[in-house]
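This report goes through selected residues, a disulfide and the spaces inside one protein model. Please keep the sequence and the 3D view open while reading.

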Amino acid sequence: MGNRNIREYSTSIVLSLMLVVTAAANCRADPVEDFYRGKQVRFITAYSPGGLFDTATRIFSRHIGKFIPGKPNVWVDNMTGAGGLIATNYLANSAPRDGSVLLNLDGALLRLQALGNPAAKFDARQFNWLPSPGPDIQVCWVGRQSSWHSITEAFSGSKELKMGGLAPGTFPSDNARTLQVALGINIKIVDGFKGVTEIRLATESGEVDGSCSSYEGVFRSFPKELKAGDIRVIAQIGEKPWPGLENVPNAIDFAKSERNKWLLRVAVIGPNDINRLFTLPPGVPADRVTAMRKAFDATFNDPEFQADIDKARVVLRRIPVERIQEVALLWLDMPAADKKELQKILKIN
């Protein structure tokens with residue numbers, strides 16, 4: 001064989017090998033798919049079973065796996081305690097930063113960092129937010145044993161409204177404390193419950209009258225009691241009445257100053273827009289964050305997912321990552337004087 005033929009033969013072999021390598025590379029799945037294939041994705045909810053956070057997490061867990069590259073299995077882990085702080089601190093400091101762990105938390109916890117609570121051992125700016133279930137409205141409700149029928153009854157007299165809470169930095173606790181100051185009403189907050197379902201049980205014994213929490217959570221968890229009047233909604237906290245609650249007093253209508261209205265907006269109404277947040281921990285590779293965000297978007301648009309949430313009697317509207325970041329920064333960038341005032345009101349120190 002001549003030198004020319006040898007060179008041509010060698011070149012042909014090299015080209016063939018290059019084609020084989022290229023074809024093999026093209027046949028390989030992308031790195032994100034390679035990572036998630038065969039994985040167990042742990043979806044943590046920071047609250048007790050049976051509540052709205054737990055329900056939303058479990059509904060998403062049943063559907064999102066088919067939209068994550070590699071189609072991993074997704075399982076739910078209830079990590080309760082300290083109003084969600086235990087789970088949130090875990091995600092920020094101890095959870096694997098590879099995209100295999102997600103968290104569903106109460107957006108009100110972001111205020112703990114903003115107001116300098118040392119128990120908040122996380123930086124919300126570093127979380128990798130995911131499209132999350134949207135807001136409903138925060139309400140105050142009481143149980144059958146309670147003698148209260150309207151928040152307006154608390155504007156005079158010495159009668160004490162006892163409301164159950166979880167811990168400072170969560171909606172049930174912060175809602176009640178905000179109303180206490182913004183409307184000047186006599187509320188006693190009993191913190192330490194693990195979830196609204198536990199508060200509901202406490203109303204039966206008269207330990208508390210009720211709680212100030214998500215209307216959707218009450219409607220979903222206690223539909224029969226709500227319809228029968230065994231649970232009564234005595235107030236709502238929103239810019240305008242919620243459909244179906246037009247006859248329920250709206251707290252913002254009773255605020256006597258613009259400052260008090262500001263307090264309701266910044267402490268209750270605004271944070272309600274970022275309730276029930278989904279996030280990955282800091283440090284997750286960008287391509288996995290992008291893939292997970294696309295998976296959540298696809299889940300929101302999935303007919304099977306929609307049928308599941310209808311069956312569960314919940315409404316899960318999509319809140320984009322951009323809105324979550326916007327509301328979070330409203331707190332994190334708040335002037336020092338305003339932060340100091342809110343620290344005092346919400347018992348965050």
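## D77 and its partner R42

D77 is buried in this predicted model. Its relative accessible area is 16%, and the cut-off for buried is under 20%. D77 therefore falls in the buried class, because 16% is under that limit. The residue sits in strand 2, which covers residues 73-78.

What does the side chain of D77 pair with? A polar contact of 2.6 Å joins the side chains of D77 and R42. R42 also appears among the residues that D77 touches. The others on that list are F43, I44 and T45. Residues up to four places away in sequence are not counted here.

## R177 in helix 6

R177 is another buried residue, at 9% relative accessibility. It belongs to helix 6, which spans 171-182. Leaving out residues up to four places away in sequence, R177 touches P168, I189 and D191. It also touches I345, L346 and K347.

## The disulfide

How many disulfides does the model contain? The count is one. C140 and C212 form it, with their sulfur atoms 2.1 Å apart. The link between C140 and C212 is right-handed, with 100 degrees about the S-S bond. It connects distant parts of the chain: the two cysteines are 72 residues apart. C140 lies in strand 6, residues 138-142. C212 lies in strand 9, residues 210-214.

Are the two cysteines buried or exposed? C140 is buried, with a relative accessible area of 0%. C212 is buried too, and its value is also 0%. Both count as buried because 0% is under the 20% cut-off.

## The cavity

The model has one cavity of 30 Å³ or more. Its volume is about 290 Å³. The lining holds 21 residues. Of these, L52, F53, P172, V196 and S213 lie nearest the centre of the cavity.

Which elements give two or more residues to this lining? They are helix 3 (52-63), helix 6 (171-182), helix 7 (196-205), strand 9 and helix 8 (215-221). Helix 8 gives the most, with three residues. Strand 9 also carries C212 of the disulfide. By class, the cavity lining has nine nonpolar, 10 polar and two charged residues.

## The largest pocket

The largest pocket has a volume of about 190 Å³. It is lined by 15 residues. Nearest its centre are D136, I137, E239, W242 and N272. Helix 10 supplies the largest share of the lining, three residues. By class, the pocket lining has eight nonpolar, three polar and four charged residues.

## K240 on a loop

K240 is in the loop between strand 10 (232-237) and helix 10 (258-272). Is K240 buried or exposed? At 62% relative accessibility, K240 is exposed, because the cut-off for that class is over 50%.

K240 touches I137 and N250, with residues up to four places away in sequence left out. I137 is also one of the residues nearest the centre of the largest pocket. The C-alpha atoms of K240 and I252 are separated by 8.6 Å. Along the chain, K240 and I252 are 12 residues apart.

## Two positive phi angles

K71 is not a glycine, yet its phi is positive, about 45 degrees. The residue lies in the loop between helix 3 and strand 2. K71 is exposed, with a relative accessible area of 58%.

A82 is also a residue other than glycine with a positive phi. Its value is near 55 degrees. Where is A82 placed? It is in the loop between strand 2 and helix 4 (85-93). A82 is partly exposed, with a relative accessible area of 44%. That class applies because 44% lies in between the 20% and 50% cut-offs. Strand 2 bounds the loop of K71 and the loop of A82, and the buried D77 is found in that strand.

Definitions and conventions:
Residues are numbered from 1 along each chain as its sequence is written. This is a predicted model: local features need pLDDT of at least 70, side-chain atom pairs count only at pLDDT 80 or more; totals for chains, interfaces and linings use all residues. Side-chain values use heavy atoms; hydrogens and water are left out. A disulfide is a pair of cysteine sulfur atoms within 2.5 Å. Helices (H or I, at least four residues) and strands (E, at least two) are DSSP runs, numbered from the N terminus. Buried means under 20% relative accessible area, exposed over 50%, partly exposed in between (1.4 Å probe, protein chains only). On a 1 Å grid over the protein atoms alone, a cavity is a set of points where a 1.4 Å probe fits but cannot get out, and a pocket is an open set with protein on both sides within 12 Å along at least five of seven lines; lining residues have an atom within 4 Å of a point. Grid points are joined across faces, edges and corners, and a volume is the space filled by probe spheres set on the points. Ala, Val, Leu, Ile, Met, Phe, Trp, Tyr, Cys and Pro count as nonpolar, Asp, Glu, Lys and Arg as charged, and the others, Gly among them, as polar. A polar contact is a pair of N or O atoms within 3.5 Å; within protein, one must be able to donate a hydrogen and the other to accept it, and residues adjacent in sequence count only if both atoms are side-chain atoms. Contact means heavy atoms within 4.5 Å.
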